[in-house]
Every structure is written in C-alpha cells, then in structure tokens.
Amino acid sequence: FRIIQETGLSDYQALFASSAPEAERLSMATGKQIELAPNVAHCPIVEPQLRNPSGERTPSRRLGFVGNFGHVPNANGLDWFLEDMWPELKRRLGGIRLTLVGLNPPDNDTLTEDPHIEVTGAVDSVVPHYRAADLAVAPLRRGAGTRIKLLEAARLGVPFVATPIAAEGLGMLDRQHCWLANSAAAFVESVVEALEDPEKRLAVARNAQELALTKNTVEQVEQGLVARFAKLHP
C-alpha cells in the first residue's frame, strides 16, 4: 500500500479495483475513493452438463488446476495441495487424477513420478482442459483481486472447490455457487463431496454460471466503464 500511495494517486481522476473487498482495503489505505471494475473471462459460455450420473460403475474423477505456476499464489497453493491434500484424496478416491494446466509448472518428484498427475505446461487454449475436468480446484492462500480462473470455470460450466481467498470478491456462496474450504481437511472433504454427488455438481455449476453472467461479462463491464469515463473532466 505504501508503494501505491507513492505512485502519484493524485494525478488520477478515477481509481478502480476488481472487487469490493479490495476497493475497501485500498480506500482505507490510501484515503482515496476506489471504484469497482469487475474482472471478466474471455472464454465461451457452455451449458453445464450432468457428468458421471449416480450409479455409474466407474465414475470419472478428474481434477483440474489452471494457472501460471510461476505466480507465487499459484505455486504456494499447488505445494499446499500436493503435500496436505493429494495423498488423502488418492487414498479415499480410487482412480482420481489431477491435471495441471499453465506456464511454469514446478519440476519436482511428485509431479514427475505420480502417474495420476498430468502436467500440460503452456497450452493454446485452456477450454478443453476445463471441459475435461469433473471439478476445478483453486487452493490459494494468498493473492489479490478476483481470480479469473474461477470466472473461466463458471462460464464453461465446470464446478469448483476453492479457498475463501481464491473466491473473494466474486459473491459466491459455499455449496450454492461452489465449495469453499479454508483448511486442508475441509478442502479434501469438499472435493470428496463434490465428486461423489454429480447432481449437486450440476446444480452448483449452473448457479455459478448464472452469477458470473450477471456482473462479470465484457459487455457489462465495458458499459460501466464507458459511462464512468464520460463523466470525467477533460
């Protein structure tokens, strides 16, 4: 915040943050009015589908974690997930698989030696990888703004489990729009619950998509910014 204060905020007629909680924190730290400009995701809108109906003999259990793993919050979250959650998930859910999609995947023994983990590295499009997942995960413990990975999942009809900080500012409620978990044990329980209840996953994915489309679309954000910019003095 000190660095932000020293960047000449008085030179700007309007200041924006991507979430209401962040706008409030920045306003308290800087003494300036911070307005809201929500993040958006540039990916298709796909109708959520019922995947792996109850009673299926060999249900698919594919998790997807999308992100730039050179970004500290993603790298830290991945370490936490692999160390404190992944062994228990494999013990409880036979056949579970994890796909890591994005730049700068870490080079460690867990990723190279575990046959249940696929590492794609950089990809031309994240869309097919989201669509191949039964559940997206966002085990983040730090960061700011709002997570575009969750908006992508919502638009693509993919349910997800996230920490409260990962979902901060999106207005998503636990077990209504996603599963929220703040500890490793709770995260594991949420993943198990979600994977074992395909009808619930479908309902949650539909709710998340509906919510994301009420305020996180390019058209809505553009209209709001154009109207706000029009009021600025030349």
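This report walks through the overall build of the protein and then two residues with unusual backbone angles.

The model is predicted, so local features need pLDDT of at least 70, side-chain atom pairs count only at pLDDT 80 or more, and totals for chains, interfaces and linings use all residues. Residues are numbered from 1 along each chain as its sequence is written, and side-chain values use heavy atoms, leaving out hydrogens and water.

Let's start with the fold. The protein contains 10 helices and eight strands, where helices (H or I, at least four residues) and strands (E, at least two) are DSSP runs numbered from the N terminus. Its C-alpha trace spans about 65 × 35 × 35 Å along the principal axes. Of the 234 residues, 44% are buried; buried means under 20% relative accessible area, exposed over 50%, and partly exposed in between, with a 1.4 Å probe and protein chains only. Contacts (heavy atoms within 4.5 Å) also tell you something: among those between residues at least 6 apart in sequence, 64% join residues at least 24 apart.

Now for the two residues. Neither Asn-104 nor Arg-175 is a glycine, yet each has a positive phi.

| Residue | Phi | Loop between | Relative accessible area |
|---|---|---|---|
| Asn-104 | about 55 degrees | strand 4 (97–101) and helix 5 (109–113) | 47% |
| Arg-175 | about 65 degrees | strand 7 (160–162) and strand 8 (179–180) | 30% |

On accessibility, Asn-104 counts as partly exposed, and Arg-175 is partly exposed too.
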